Amino acid sequence: MEKVYLDLTQEDLEFYYSQKHRIPDYEQFPIRWENDSRKVRSELECIRNISYGEDPLECFDLFPAGTNAPVHIFFHGGYWHSQDKDHFEFPAPAFVKNRITYVCANYPLCPGVSFSEQMHSCRKLLSFLTENIHQYVDAPKGFQLSGHSAGGQIAAMLASTNWIGEGFPTVPQIDSVLALSGVYDLNPILFLEKNKEIRLNQEEVELFSPILLAEKMNAPLNVVVGSNEGNEFIRQAEEFAEKVKSFGLPCENMILEQTNHFSILDHYSSDQSLLWKTFMKPHSGKKRN
């Protein structure tokens, strides 16, 4: 078969960029996430469905952690065309317990919007919070960003945005980025069957692939992937981290052993995990001016 990306055929890419076949009883994960998130919302203070735009999905939930608590913003995965913030609020207790306000973001999904419009919405969210966070909590100026899978790409893309060039009135202060199981070179997505729903095009690949924006990364970056996520996800994480480091920018990367594309969120949601102990601490690297 014809090789379409690096040394891989389309059939290879379908295998490497699909994760469900690697995960025993994978359907139990989203069920647990949804149930645990519902329980968390009933137990913790939560400001629901704060709107940052006109689209119904331009909204977020905020779990306050007290006065002067840092604000941590999470972008969910779902291959840019599925999932919802309401299923990803189960990590909130670990953050609130450690006096970190947890924000779980929604954004419009492809193909209802174009990939470019989706990226613009995510930028709008961060711009909105920069201007309005003090309406909801007393917080420091900067933000911690994180994202899983498609959300990992979003978080990294936001940290490399030219905000003034994109027409935003202020430049958000991003204190750190945690990218979990992300896709940082979007080229292979062009060849997947899923792209019938995502509708990514070559121009968007060049505009929104974090590995092509590595020199512009304006916050300390942490890139994490599970050992059971397959060669392509591990390669993407390692090459992105190395590219950022090649510009002398602060970046750490980790492969979590015996961890798959879904169970990595168990590490993210536990303050006893190696991921938390390594990355949920003040980063020693200096931000780029």
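Let me start with a term: a nonpolar core is a set of buried Ala, Val, Leu, Ile, Met, Phe, Trp, Tyr and Cys residues joined through side-chain atoms within 4.5 Å. Hold on to that, please, and keep in mind that what you see above is a predicted model.

So, hello everyone, and on to the core. The largest nonpolar core here has 66 residues, and the members that touch the most others are Ile73, Trp80 and Ile189. Helix α4 is the top contributor to this core, giving seven residues. There is also another core lying apart from it, with 27 residues, including Ala92, Leu178, Leu256 and Trp276. As general background, nonpolar side chains in soluble globular proteins tend to be buried together.

What is Trp80 in contact with, once we leave aside its neighbours within four places in sequence? Among its partners are Phe115, Gln118 and Met119, and those three are buried residues of α4. Trp80 also contacts Leu109, Cys110, Ala150, Gln153, Ile154, Val183, Leu186, Ile189 and Ile198. Notice Ile189 in there, which you have just met as one of the core's best-connected members.

Now the sheet. Eight strands form an open sheet with mixed pairing, and the order across it is β3-β4-β6-β5-β7-β8-β9-β10. At the edges sit β3, residues 47-51, and β10, residues 251-256, each pairing on one side only. On average, neighbouring strands are turned by 20 degrees against each other, direction ignored.

Let's zoom in on one pair. Strand β5, residues 71-75, runs parallel to β7, residues 143-148, and five bridges join the two. If you want a spot to click on, Phe75 stands opposite Gly147 in β7. Helix α4, residues 115-132, packs on this sheet and touches β3, β4, β5, β6, β7 and β8. The direction of α4 makes about 165 degrees with that of β5.

A quick check on α4, for those of us who like numbers. At 1.5 Å a residue, its 18 residues should span 26 Å, and its end C-alpha atoms are 26 Å apart, so the two agree. The buried residues of α4 also include Leu125, Leu126, Phe128 and Leu129.

Last topic: charges. How many salt bridges does the structure hold? There are 17 of them, and I picked three.

The first joins the side chains of Asp266 and Arg32, at 3.1 Å from N to O. This pair links distant parts of the chain, since Asp266 is in helix α9 and Arg32 in helix α2, 234 residues apart. Asp266 counts as partly exposed because its relative accessibility is 27%, and Arg32, at 32%, counts as partly exposed too.

The second stays within one helix. Arg235 and Glu239 meet at 2.9 Å, N to O, and both lie in α8, residues 231-246, four residues apart, or about one turn of the helix. Are these two buried or exposed? Arg235 has a relative accessible area of 18%, so it is buried, while Glu239 is at 40% and therefore counts as partly exposed.

Elsewhere, salt bridges that share partners join Arg41, Arg48, Asp61, Lys85, Asp86 and Glu89 into one network. My third pair comes from there: Asp86 and Lys85, whose closest N and O atoms are 2.9 Å apart. Both of these residues are buried.

That's my tour. Thanks for listening, and do have a look at the structure!

Terms used. Residues numbered from 1 in each chain as written. Predicted model: local features only at pLDDT ≥ 70, side-chain atom pairs only at ≥ 80, totals over all residues. Heavy atoms only, no water. Pairing = 2+ DSSP bridges. Axes fitted to C-alpha atoms, helices over the stretch in contact; angles between N-to-C directions. Contact = heavy atoms within 4.5 Å. Salt bridge = Lys/Arg side-chain N within 4 Å of Asp/Glu carboxyl O. Buried < 20%, exposed > 50% of the residue type's maximum accessible area, 1.4 Å probe, protein only. Expected span 1.5 Å × (residues − 1).
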